[in-house]
Amino acid sequence: MTAARTDALVFFGATGDLVHKELFPALQGLVHDGGVRMPFIGVARSPWTTEQLRARAKDSLEQSGRFDPQAFEELAPLLHYISGDYGAPETYVAMRRALGGARHPLLYMAVPPSVFPVVTDALAGAGSTEGARVMIEKPFGRDLASAKELNRTLRRHFPEEDIFRIDHFLGKEPVQNITYTRFANPWLEPVWNRSHIHRVQITMAEDFGVKNRGRFYEEAGAIRDVVQNHLLQLLAIAAMDPPGGAGPDAIGDEKVRLLEHVQPLEARNVVRGQYRGYRSADGVAPDSTVETYVALKLFIDNWRWSGVPFYIRAGKELAMRSTELFVEFKRPPRDLFGETVPPGSSHLRMRIGPDIAVGFGMRVKVHGEQMVGRDVELALTSCPGDAHPPYQRLLSDAMAGNKELFARQEGIEASWRIVEPVLGDATPVFSYEPGSRGPVQADGLTGTDGPWIDPAPPEPTECR
Ligand code: BG6
């Protein structure tokens, strides 16, 4: 058991894209804003030096626009690099040496899922799991069976309270804002159900491709990469029942319960796509059928949501970058004014990125003698971006042993149960043009529920 505070961070996969994009900015924040002082030890196979790792950190900070010369001067000396094979005992001897007097490292696995068990077993073989916490990246497993197996491997070497299953969406400010908005406004709860909500859409559109992550992506695809984890977590937060009690597990319990009531996906409710050009990306098979886009419809088998369709779309190389939750309210039971009203005119929109926004859509009357209206969206809050990178918050929580914002094993297993019937080539993959809305076949999925509602383009505003 590790009640002690973390005194070092070891990150596996140190040369990878994830560490470049997310970890270095978070570490600079921890050092500069949080006053954290401990060794940060990167481990990977490439024969790099510590200087190269520091240069990589600098590049990451410059590219993300977060480079702060003073903060970097504090961060750089804490970074160390170890080159070695993940399965080789020498790697862990070098790691112990670099840890010096540290006894309670946080071991962060930013490696592909197939490598997690290799590292875990080798760490245990070297006696390096004692007193440590482990933080493990998504996707947790490749399917239900491997997620259970991975969990067994971890549990052999770590007690449950020391295992942190990271899903960085849970550390995002606008995701916490969904929970806040739902339960801080008492008028929402009475309408948050099948009587008043027509459908719910979650869109995660990205306007870039897999870049240099082809090898990782070939193991994942959009369903494993973002649906099984990020987007089902969003769905759980949007649809869960209000938590009772005040314990740290109250929200987690409700999310798990919700996910357990989601019906497993059926092939007829899924459309997969692949952008033209994906197959020539580095690390991608020339005849790959891995999806870079998915659109799906699912249902929740409980009293609150019975019959309400939940739509999810996620894709790379699309026309815009925007992730949002769009809750569409029902139309009035009688149309008194003889108007043709666009779908989704009455809604709550919660944008998660790249900007943050909460908007409330309503019909208002156009001034004049006629009883005609127009759609307006009241911007309740908006902000150009998240000033607090989620990894900074989550690392800091893991270092302190706080698991509230981490995924739970039961929820992960429930999510695999939902997507498992449509993994791999269970459905055909249609190609789409980069910069488009994805494969046209996805338009056939919504039927009489009305067309997809594309996310609104981000608005450059001041935070309010
Ligand atoms: C990661 C996925 O988990 O999330 C990426 O592996 C995706 O494919 C990324 O681009 C999106 O995260 P964010 O925070 O930039 O929206």
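What follows is a conversation between a visitor and a guide about the terms used for this predicted model.

Guide: Welcome! This is a predicted model, in which local features need pLDDT of at least 70 and side-chain atom pairs count only at pLDDT 80 or more, while totals for chains, interfaces and linings use all residues. Residues are numbered from 1 along each chain as its sequence is written, and side-chain values use heavy atoms, with hydrogens and water left out.

Visitor: Why are helix 7 and helix 8 called roughly parallel to each other?

Guide: Their axes cross at roughly 15 degrees and come within 9 Å. Axes here are lines fitted to C-alpha atoms, for helices over the stretch in contact, and angles run from 0 to 180 degrees between N-to-C directions. Angles under 35 degrees count as roughly parallel, over 145 as roughly antiparallel, 65 to 115 as roughly perpendicular and the rest as oblique. Set against those cut-offs, helix 7 and helix 8 are therefore roughly parallel.

Visitor: Which residues of helix 7 and helix 8 meet?

Guide: Contact means heavy atoms within 4.5 Å. Val175, Ile178, Thr179 and Arg182 in helix 7 meet Leu234, Ile237, Ala238 and Ala239 in helix 8. By class, these residues are 6 nonpolar, 1 polar and 1 charged. Nonpolar covers Ala, Val, Leu, Ile, Met, Phe, Trp, Tyr, Cys and Pro; charged covers Asp, Glu, Lys and Arg; the others, Gly among them, are polar.

Visitor: What makes helix 8 and helix 11 oblique to each other?

Guide: Helix 8 and helix 11 (residues 409-419) pack at an angle of about 125 degrees, with their axes 10 Å apart. That angle belongs to none of the three named ranges, so the pair is oblique. On the helix 8 side, the contact includes Ile223, Val227 and Leu232, and on the helix 11 side it includes Ile412, Trp416 and Val419. The contact divides into 7 nonpolar, 2 polar and 1 charged residues.

Visitor: How do you know whether Lys211 is buried or exposed?

Guide: Buried means under 20% relative accessible area, exposed over 50%, and partly exposed in between (1.4 Å probe, protein chains only). Lys211 has a relative accessible area of 58%, so Lys211 is exposed. Lys211 sits in the loop between strand 7 (197-205) and helix 8 (214-239), and has a positive phi of about 50 degrees although it is not a glycine.

Visitor: And why is Glu317 called partly exposed?

Guide: Glu317 has a relative accessible area of 22%, which lies between the two cut-offs, so Glu317 is partly exposed. Glu317, too, is a non-glycine residue with a positive phi, here about 55 degrees. Its loop runs between strand 10 (310-315) and strand 11 (322-329).

Visitor: What does Arg374 count as at 47% relative accessibility, and why?

Guide: Because 47% is between 20% and 50%, Arg374 counts as partly exposed. Arg374 is placed in strand 14 (residues 373-383). Leaving aside neighbours within four places in sequence, Arg374 is in contact with Met362, Arg363, Val364 and Val366. Arg374 and Val364 are 10 residues apart in sequence and 5.6 Å apart in space, C-alpha to C-alpha.

Visitor: Where are the cis peptide bonds that involve Pro139 and Pro354?

Guide: One joins Lys138 and Pro139, with omega about -10 degrees. Pro139 lies in the loop between strand 5 (133-136) and helix 6 (144-157). Another runs from Gly353 to Pro354, with omega near 0 degrees. Pro354 is found in the loop between strand 12 (347-353) and strand 13 (356-365). Helices (H or I, at least four residues) and strands (E, at least two) are DSSP runs, numbered from the N terminus.
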